Amino acid sequence: CLNRIIENELFKQDWRSRRTIQIFQYVLLKWAFALIIGLGTGLVGIFNNIAVENISGFKLLMTTKLMLEHKYYKAFSALAGCNLALAAAAAALCAYIAPAAAGSGIPEVKAYLNGVDAHSILAPSTLFVKIFGSILCVSAGFVVGKEGPMVHTGACIASLIGQGGSRKYHLTWRWLRYFKNDRDRRDLITCGAAAGVASAFRAPVGGVLFALEEAASWWRSALLWRTFFTTAVVAIVLRAFIQLCSTGTCGLFGEGGLIMYDVSAAKVAYSVPDILAVILLGVIGGIFGSLYNYLVDKVLRTYSIINEKGPAVKILLVVTISLLTSICSYGLPWFATCIPCPIDTTESCPNTDLSGNYKSFQCPPNHYNDLASLFLNTNDDAIRNLLSTSTTKEFHISSLFIFFIAIYCLGVITYGIAIPSGLFIPVILAGAGYGRLIGRLFDPITKLDVGLFALLGAASFLGGTMRMTVSLCVILLELTNDLLLLPLVMLVLLISKTVGDMFNHGVYDQIVKLKGLPYMEAHAEPYMKHLVARDVVSGPLITFSGVEKVGNILHALKTTGHNGFPVIDEPPFADAPELCGLVLRSHLLVLLKGKIFSRDRVLSGDEVVHRISKFDFAKAGSGKGVKLEDLDIKDEEMDMYVDLHPITNTSPYTVVETMSLAKAAVLFRQLGLRHMCVVPKSQG
């Protein structure tokens with residue numbers, strides 16, 4: 001089953017034979033793994049930030065230096081050249097080494113936790129490409145975030161530890177074999193996904209809530225504890241490194257810092273006009289968000305056709321989008337007018353070093369270009385500039401409008417190309433852009449700072465695209481360090497989610513569907529209320545006897561793709577035909593490979609228990625395990641018998657055939673099942 005342990009005779013025997021010390025080891029390992037996942041994901045998060053800040057910093061400083069010398073064409077060539085090289089490297093990694101690393105990774109993790117064990121989603125090669133590809137494409141100036149890929153990275157780290165390392169890369173640990181079952185593996189990957197969010201946003205509680213609300217399909221209180229512990233470890237690791245980097249030892253990272261947009265300096269006091277403005281933001285966020293989802297869906301369908309043509313075409317598409325992004329980020333600031341530097345600012349103006357609000361671009365001394373301050377910056381710094389408080393007139397209304405349209409369009413066309421790309425940052429950027437724009441328009445009648453409007457705009461757009469409420473609310477509050485905004489953020493998220501839901505599904509649900517990953521919703525479809533379980537059972541049913549002929553088993557395995565088969569006990573092993581349990585395909589393959597056959601139809605369970613270890617039946621790593629082609633069964637063995645009782649799960653979940661289909665579906669989803677037996681009301 002998906003989240004269940006297979007309770008067959010081998011498992012029971014193994015559990016009975018464990019001593020107290022082994023059970024203690026098992027519990028200790030669970031917590032140790034949570035610690036390792038937290039440390040690993042935290043360190044990768046730090047590494048990503050340091051790498052992006054330094055690569056982007058080098059590129060932007062070079063461009064600024066050439067601009068100051070009025071070498072405008074050289075400046076563009078330097079910017080576009082760096083971007084193209086970084087983008088091509090990211091695309092090559094994705095196209096040739098791990099195609100599964102393209103995109104955000106959150107839909108794949110969500111599908112995995114729902115029960116889809118798709119090949120290579122969490123492979124070590126995917127982890128490698130996800131980390132380095134994400135650094136390269138964010139440094140290349142694409143309108144993508146490193147937050148979605150961090151969730152996937154956390155899940156990959158957890159999977160690597162959970163499956164006892166990787167045999168292919170000769171990294172295996174014998175004592176990790178306790179975790180060779182689905183439930184423990186999924187628990188670890190849930191911890192990894194939560195650690196990814198905590199590492200990306202420095203939001204430990206937000207990470208736990210994200211895993212609970214968006215990623216995991218199946219939850220229990222013990223898992224909540226471990227996830228919370230994992231994200232706490234991530235928070236400690238990040239804090240330690242930030243202290244270290246604040247001394248300036250991390251190169252340019254000391255300037256930019258891990259994303260933390262502190263808006264607590266602004267006074268939060270609101271009246272009726274402010275509430276109306278916030279409601280308007282929520283409605284706009286819902287409309288823009290659902291349109292964004294619709295466009296992303298259409299673009300992804302187009303790109304999937306293009307990407308099928310091979311790795312070279314994938315790389316060409318990435319390079320084209322990179323060139324377009326470079327033209328936008330360098331070309332659009334030329335349309336902005338130069339603004340005189342404010343007298344009362346504490347920052348240097350114009351700003352010629354890496355991060356800061358006031359970029360001079362082509363402007364004369366003591367003037368700055370507001371669009372360049374947004375485009376020629378790292379994404380994190382652009383958001384920091386948009387959320388900056390007490391700088392009402394810093395950005396022109398026209399500049400904010402141009403920025404919003406550009407980021408919205410670039411965000412749509414960038415997602416789906418062959419690079420690891422997160423959706424959070426483009427959405428926050430575009431949302432903060434129109435939030436600040438509405439703040440400027442409502443300036444005469446509102447008391448709220450435009451920086452707070454930018455934050456609420458980001459919240460509304462996030463709610464409109466991703467349709468999460470609780471986790472987004474907590475992530476945004478942890479990001480901005482301002483609890484006084486809680487009621488407004490809650491209001492804007494609820495409105496934007498409600499408006500968005502009227503048009504289409506959340507962006508991750510759409511991508512899961514588009515990728516063809518089967519996903520089971522938490523609620524039953526309305527038509528299911530009119531059907532019973534019997535109506536959807538297709539035949540003919542393939543069953544095995546408790547002691548079955550080897551030839552029959554092989555024939556069934558070859559002619560069907562089923563993963564589970566009911567085992568029926570018949571006379572002489574039972575008085576009347578009765579359901580003995582369920583046997584898994586993977587277990588049958590291991591049993592046939594072990595060749596514990598008998599010439600007569602007799603019970604030989606004890607021999608199976610003695611000759612085959614429980615760990616031979618443990619869940620293999622992704623893409624491993626015994627395959628049908630590995631079996632070498634001779635002709636004379638085909639007529640021999642094999643006892644299936646030791647590997648049969650004798651307590652499968654069963655429902656009666658007259659149960660409502662809606663009820664059966666909800667039961668299947670909430671218990672995290674993989675197989676459910678439908679039994680007749682009477683033996684007929």
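Is Cys338 buried, exposed or partly exposed, and what is its relative accessible area? Select Cys338 in this predicted model, and with a relative accessible area of 30% the residue turns out to be partly exposed, because that value falls between the 20% under which a residue is buried and the 50% over which one is exposed.

**First stop: Cys338 and Cys363**

Keep Cys338 selected and add Cys363, since the two form a disulfide in which the sulfur atoms lie 2.1 Å apart. If you set a dihedral about the S-S bond, you should find -90°, and the link of Cys338 and Cys363 is left-handed. This pair links distant parts of the chain, 25 residues apart, with Cys338 in strand S3 (residues 338-340) and Cys363 in the loop between S3 and strand S4, which spans 367-369. The partners can also be set side by side by accessibility: Cys338 is partly exposed, whereas Cys363, at 12% relative accessibility, counts as buried.

**Second stop: Cys341 and Cys349**

The structure holds two disulfides, and to see the one that joins Cys341 to Cys349, select both residues and display the S to S distance, which is 1.9 Å. The torsion about this S-S bond is about -80°, so the disulfide of Cys341 and Cys349 is left-handed. In a surface view, bear in mind that Cys341 is buried and that Cys349 is buried as well.

**Third stop: Cys137 and Cys677**

Move next to Cys137, whose closest cysteine sulfur is in Cys94, at 8.1 Å, which is too far for a bond. The reasoning here needs the cut-off, because a disulfide requires cysteine sulfur atoms within 2.5 Å. Cys137 counts as buried, its relative accessibility being 0%. Select Cys677 afterwards, and you reach another cysteine that is buried, in this case with a relative accessible area of 9%.

**Last stop: two backbone angles**

For the end of the tour, turn from side chains to the backbone, remembering that most residues other than glycine have a negative phi. Which value does phi take in Asn366? It is near 60°, a positive value in a residue other than glycine, and Asn366 is to be found in the loop between S3 and S4, the loop that also holds Cys363.

Then select Arg467, where phi is likewise positive, near 60°, in a residue that is not glycine. Arg467 sits in the loop between helix H17 (450-466) and helix H18 (470-480), and at 8% relative accessibility this arginine counts as buried.

How values were computed:
Residues are numbered from 1 along each chain as its sequence is written. This is a predicted model: local features need pLDDT of at least 70, side-chain atom pairs count only at pLDDT 80 or more; totals for chains, interfaces and linings use all residues. Side-chain values use heavy atoms; hydrogens and water are left out. Helices (H or I, at least four residues) and strands (E, at least two) are DSSP runs, numbered from the N terminus. Buried means under 20% relative accessible area, exposed over 50%, partly exposed in between (1.4 Å probe, protein chains only).
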